[in-house]
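Trainee: I have a new model on my screen and would like to talk it through with you. Could we start from the outside and work inwards?

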Amino acid sequence: QVQLVESGGGLVQAGGSLRLSCAASGRTFSRYAMGWFRQAPGKEREFVATISWSGGRTYYADPVQGRFTISRDNAKSTTYLQMNSLKPEDTAVYLCAAVVVSNSEYYRTRTYEYDYWGQGTQVTVSS
């Protein structure tokens, strides 16, 4: 079992930046691939970004490519999502997720592939 707690959300103007954090506790953090997802009211949960166990491989959804950066600090059991050039359409609850992987370079992009989820943190971007 691993517990995930997100933080860092808030209200920001369009063009601004936020950094989200996801703190993990429980089992060995470094064996997990991590992902960030988001869910806006009335919409399906959607993939945002993922990072491999080693931190060496990342992958982003097209809408955030070039604006968001995912990273992790295994020593601190924490995953980050740096969000720059925010747009009103980025408004959503952002959730982090974890899944055990067998290879340090694997990551996952689909909601159903993840076993553990945080409660989420609200990000609101005003125009």
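Trainee: How much of the accessible surface of the chain belongs to carbon and sulfur atoms?

Mentor: Happy to help, and keep in mind that this is a predicted model. The accessible surface of the chain totals about 6400 Å². The share of that surface from carbon and sulfur atoms is 44%.

Trainee: What pattern do the helices and strands follow along the sequence?

Mentor: Start with the counts: the chain has 11 strands and zero helices. Reading along the sequence therefore gives strand after strand, and the pattern is β-β-β-β-β-β-β-β-β-β-β.

Trainee: What is the radius of gyration of the chain, and how does it sit against the globule rule?

Mentor: For 127 residues the globule rule gives 14 Å, and the chain comes close to that, so it is as compact as a globular protein of that length. The C-alpha trace spans about 40 × 25 × 25 Å along its principal axes. As for the radius of gyration itself, the value is 13 Å.

Trainee: Among contacts between residues at least 6 apart in sequence, what percentage join residues at least 24 apart?

Mentor: Here we look at contacts within the chain and ask how far apart the partners are in sequence. The part that joins residues at least 24 apart is 62%.

Trainee: Which cysteines form a disulfide?

Mentor: A pair of cysteine sulfur atoms counts when they are within 2.5 Å, and the count comes to one disulfide. Its sulfur atoms are 2.0 Å apart, and the partners are Cys22 and Cys96.

Trainee: Which strands hold Cys22 and Cys96?

Mentor: The pair ties together parts that are 74 residues apart in sequence, because each cysteine lies in its own strand. Cys22 is in strand 3 (residues 18-26), and Cys96 is in strand 9 (residues 92-100).

Trainee: Is the disulfide of Cys22 and Cys96 right-handed or left-handed?

Mentor: Look at the torsion about the S-S bond, which is about 55°. With that torsion, the disulfide of Cys22 and Cys96 is right-handed.

Trainee: Is Cys22 buried or exposed?

Mentor: Buried means under 20% relative accessible area. Cys96, its partner, has 1% and passes that test. Cys22 has 0%, so Cys22 is buried.

Trainee: Which residue has its backbone oxygen 2.8 Å from a polar atom of the Thr78 side chain?

Mentor: Thr78 is found in strand 8 (residues 78-83), and at 9% relative accessibility Thr78 counts as buried. The backbone oxygen at 2.8 Å from its side chain belongs to Lys76.

Technical notes
Residues numbered from 1 in each chain as written. Predicted model: local features only at pLDDT ≥ 70, side-chain atom pairs only at ≥ 80, totals over all residues. Heavy atoms only, no water. Helix = DSSP H or I, 4+ residues; strand = E, 2+ residues; numbered from the N terminus. Buried < 20%, exposed > 50% of the residue type's maximum accessible area, 1.4 Å probe, protein only. Polar contact = N/O pair within 3.5 Å; in protein donor to acceptor, adjacent residues only side chain to side chain. Rg over C-alpha atoms; globule rule 2.2 N^0.38 Å. Contact = heavy atoms within 4.5 Å. Areas by Shrake-Rupley, 256 points an atom, 1.4 Å probe, with all protein chains shown as cover.
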